[in-house]
Amino acid sequence: MLGKKILGLNKKDTRFLLIVIALTLLTPVLLQPFAEGSELAQFNGGYPDLMQKIAIFGIFAVGFNILFGLTGYLSFGHAAFLGVGSYAAVWMMKLLTMNVIPAILLAMVVSGLFAAAIGFVSLRRSGIYFSILTLAFAQMSYKMAYSVLTPLTNGETGLQLSLDDPRVLDRAIEGSSLPVTNIFGLAMNASHKVEVLGRVFTFNVGYYFCAVIAVIAFYVAIRLFRSPFGMMLRAVKSNQQRMTYTGLDPKPYTLAAFVISGMYAGLAGGLLAAMDPLAGADRMLWTASGEVVIMTILGGAGTLMGPVLGAGVIKYLENIFSKINESVLHSWFHWLPDGIEDVVIWVFARFTGEGWHLTLGVTFMLVVTFLPGGLVEGLKRLSKRIREGKTKRDKYDGSDPEHHPAPTKRVAGE
Amino acid sequence: METILLQLLNGLDKGSAYALIALGLTLIFGTLGVVNFAHGAIFMIGAFCAVTLSRLLNLSFETVDPEKLDFLGNPAKIKTPYVEAWFGHDFGHALIDWAVPLAILFSIPIMIAVGFIMERGLIKHFYKRPHADQILVTFGLAIVLQEVIKYFYGANPISTPAPDAFKGSFDFGAMLGFDPNVIIYPYWRLVYFLFAAVVIGAVFSFLRFTTFGMVVRAGMADRETVGLLGINIDRRFTIMFGLAAAVAGSAGVMYAPILSPNYHMGMDFLVLCFVVVVVGGMGSLPGAVAAGFLLGILESFSSMNAVKSILPGIDQIIIYVVAIIILLTRPRGLMGKKGVMED
C-alpha cells in the first residue's frame, strides 16, 4: 500500500484530509482558547450548538460547491433541499425510531429524489434563467409547506415530535417524556466537560457525530473533484458548447451534480433535525438559499476548503457578533475620551448585535468586488507574498516585465 | 361575472407594482446588461421616502393651553405641526394630508441620486464580470440597504395613510349597472393603477419620441456601433439607470398606503419581479409590463374561493407555476428577443 494511493487519494490530498480530520476533531479545543470568566471568554465558540452548526453548514456549503463551484450553475433555491431533508428526518423520528441513522438516510433519499425532479426541469435552461427557476421552485416549496402541505409540514408551527407518535421501534422503551435523538442509545445531547487550565472544553456526542459525517462528506467531495466526473463538470463550466461539439451530452453530468449537491443539502437538513428534532418552513426561505451562496463565495467557490471555511467563519461570526451589545462595547472602549468613545461605540454598534446582517452584507460585497476567489484566494495571495519576500525571484515569475508572452496561470481550483 | 370583474380590479394594483418594478429591471438589464438584485431595495427606499416626508411634515411643537385640562387635571398640551403654524391651518393640514402624493416630487431627485451613486460607484465596475458576480454584489448591496433602513425606521411596518380624499371605496358595480355593494374598489388602488399607467406611458413615449430615447434604444440594440458613432452611450445608460431607479422609487412611494412599508418589502417584491421579467422575456419592455399585469391578475383570480376549492393553495404558488410552464415551453418568455441572455 505504501507509496501508492491511500483511499484513492494522492499524497497531497491525503495530507490535506488528515489536517481536516485533525482540525474537526480538535474543534472543541481550538474554538475555546480563552479562560472561563475572562474578558475574552465571549469570543469562545466551543459550545455544542455552534460547533454542530458549523459542521452541518459546512456540509451544506460543500454540497452547494459541487454544483456551483464545478459547473458554474448558480442555484438560488438550495435551501429547499435542506428543508425537505429536515421534514423527512423528523417524520422518520415520528414514525419509526429516534435513532438518527434511518432519519438521515431517509432525508438524503427524499431530498435526492426531490432534487432529481427539480433539476430535471431547471437544468433545461442555464445562466440567469436557471437561477430564477431554482428560486421559483424553492419559493413554491416554501409557500406549499405553509398552505397545501400543512398535514405533512404542520404549517407555521413547524413539525415537532409528540408523545402520540407511533415510533414503532421505540414504543416499548419509551417513558412519559419526549425521547431524545440518539445513535444506538447514545444521546445526541450528551456531552462531557473537561476543565484544563481554567478553560472548559465541551465534548459533545452530537458534534462528533456531525463531524464524522462532515469528514466523510468532505472525503467524497475530494474524490469527486479529482475524478473524471469532476473533470466533466469543470468542462461544463469552462465551455459547454465545445463539450457538446466533442460529442458529449452535458445534461447527465449536470443533473448528477445537481442531485449530489441536493443530497448533501438533504444530509445537512437531516443532521439539523437530528440535533434538534423540529423542522420549519423558514429553512426553505430564499434568504436561507442566499446564505449558502454567501458562505461558498466568501470561502472561495470551486475550491475544496473554501466552502467549509466560509461556513465556519460566517456561523462563528454570526454567533459572536450577535452577542456583542453596547455594554460590551463600552467595556472595551472605556479608556477612550468620552466624546470619542461615544462615536466609536456608535459606529461599532451598527455592525454588531442586531447589525450583524449589515456586517455580512458589507463583507460579502467587499469579497465579491476585490477578492472573487474568496478567503482561500486571499490566503494564497498572502502566503505567496510571504514566500516571495524570502525566495529569489526567477524569470518565470509573473512580475518579470520582459517576459513575453506572460507565463500561463495554473487552472483555478487545482 | 361580478366576481370576475372584482378579481380583475383587485389584480390591477398589484400588477401595476409588478409592472413598474419589472420595467425598471428590464431597462437596467437592456441598457447596461446587469442583473440588478438591488432593485427591490430601491422600491423599498421609495416607500420609505413617503414615510420620511410624512414624518417631516408632522414635526410639531407643543404648546400649553391653560383653558383646557386633560383627564388628570393638568393643562392640556396641544401639538401643532410646524407647517400648520407657518402656512396657516388649512394649507398646512392639506400638506400633511397629501404627504404621499407629494412624496413623489420629494423622492424623484433622491432616487435619481441613489441610482447614479449605485451605478457610478459600484455597478460600473461589474460590466465585464460574469452575471453571477453581478447578481452576488447587488444581492450584497440589497442586504446592506435593507439593514440601513431597518436601523433608521425599525423592523415594524409603518402605516402611511393616503389623502382623505381617496380614503374609502367606491361602488364600481353600481356604475356599470350591476347590483350595488358587489364590486367595491378602494379609491387609492384606482389612483395607483392610473398612476402606473401614466408612468409606463411616459417611459415608453420618452424612449420612442425623443432623440435621447432613440439613442438609448439604438444603444440597447448595438452598444458598440452607437459608441463608434461618437456618442457617449455610457453616460446615457447611467441616466437610464437613474430613471429606472426613479420609476421603482415612485412605485414604492405610491404603494405605501396599500402596504405599510417594512424593511423587507423590497426583497419580497424583487423575487416576484424577477419571475415577472423572465416570464415577459429578458430585455423586452412591453413583455415586462404585460407579464406584470398578467401575473398580478392571475394571482388575484387564483385567490377566488371557487378556484381554491378545486386547487387548494393555488393562490400562493400560481406565479411560480406559470413561470415554470412558460420558461419550459417558451424559453425566451412571452416577448423575449433572440440573442438576449442566451449563453
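At roughly what angle do the axes of helix α2 and α12 of chain B cross, and within what distance do they come? The legends below start with that pair. The model shown is predicted.

**View 1. Helices α2 and α12 of chain B cross obliquely.**
Helix α2 of chain B covers residues 39-57. Its partner, α12(B), covers residues 265-280. The two axes come within 7 Å and cross at roughly 135°. Angles of 65 to 115 degrees count as roughly perpendicular and those over 145 as roughly antiparallel. The α2(B) and α12(B) pair is therefore oblique. The crossing is right-handed. On the α2(B) side, the contact residues are B:H39, B:G40, B:A41, B:F43, B:M44 and B:A47. They meet B:M265, B:G266, B:M267, B:F269, B:L270 and B:C273 of α12(B). By class, this contact has 9 nonpolar and 3 polar residues. Charged residues are absent from it.

**View 2. Helices α9 and α11 of chain B are roughly perpendicular.**
Helix α9 spans residues 211-221 of chain B, and helix α11 spans residues 233-255. Their axes come within 10 Å. The crossing angle is roughly 105°. That value makes α9(B) roughly perpendicular to α11(B). From α9(B), the contact takes B:F212, B:V215, B:V216 and B:G219. From α11(B), it takes B:I233, B:R236, B:F237 and B:M240. The contact of α9(B) with α11(B) divides into 6 nonpolar, 1 polar and 1 charged residues.

**View 3. Helices α3 and α10 of chain A meet in a right-handed crossing.**
Here the pair is α3 (residues 79-95) and α10 (residues 250-275), both of chain A. Their axes come within 7 Å and cross at roughly 45°. Angles under 35 degrees count as roughly parallel. The α3(A) and α10(A) pair is therefore oblique. The α3(A) side of the contact consists of A:F81, A:L82, A:G83, A:V84, A:G85, A:S86, A:A88, A:A89 and A:V90. The α10(A) side consists of A:G262, A:A265, A:G266, A:L267, A:A268, A:G269, A:G270, A:L272, A:A273 and A:A274. Sorted by class, the contact of α3(A) with α10(A) has 12 nonpolar and 7 polar residues, and no charged ones.

**View 4. Chain B touches chain A through residues that include parts of α6, α12 and α15 of chain B.**
The contact between the chains takes 31 residues from chain B and 34 residues from chain A. On the side of chain B, three elements give two or more residues: α6 (131-153), α12 (265-280) and α15 (314-329). Which element gives the largest share of that side? It is α6(B), with 13 residues. By class, the side of chain B that touches chain A has 23 nonpolar, 5 polar and 3 charged residues. Helix α12(B) thus appears again: it also meets α2(B).

**View 5. Chain A, with its annotated transmembrane regions.**
Chain A has 16 helices and 6 strands. Its radius of gyration is 23 Å, close to the 22 Å that the globule rule gives for 414 residues, so chain A is as compact as a globular protein of that length. The C-alpha trace spans about 80 × 70 × 50 Å along its principal axes. An unreviewed UniProt entry lists "transmembrane region" at residues 50-68, 99-121, 128-149, 205-225, 252-272, 292-317 and 355-376 of chain A. Residues 128-149 are 86% helix and 0% strand, with end C-alpha atoms 29 Å apart. Residues 205-225 are 100% helix and 0% strand. Their end C-alpha atoms are 30 Å apart.

**View 6. Chain B, with its annotated transmembrane regions.**
Chain B has 15 helices and 4 strands. A compact globule of 343 residues would have a radius of gyration near 20 Å; the 23 Å of chain B agrees with this. Along its principal axes, the C-alpha trace of chain B spans about 75 × 50 × 35 Å. UniProt, in an unreviewed entry, places "transmembrane region" at residues 15-35, 42-61, 98-123, 190-216, 237-257, 269-298 and 310-328 of chain B. Residues 42-61 are 80% helix and 10% strand, and the end C-alpha atoms lie 33 Å apart. Residues 190-216 are 96% helix and 0% strand, with end C-alpha atoms 32 Å apart.

Methods: Residues numbered from 1 in each chain as written. Chains lettered and ligands numbered in written order. Predicted model: local features only at pLDDT ≥ 70, side-chain atom pairs only at ≥ 80, totals over all residues. UniProt positions renumbered as here; feature names shortened; annotations may be inferred. Contact = placed C-beta atoms within 7 Å. Nonpolar A, V, L, I, M, F, W, Y, C, P; charged D, E, K, R; others polar. Axes fitted to C-alpha atoms, helices over the stretch in contact; angles between N-to-C directions. Left-handed = near helix turned anticlockwise from the far one by under 90°. Rg over C-alpha atoms; globule rule 2.2 N^0.38 Å.
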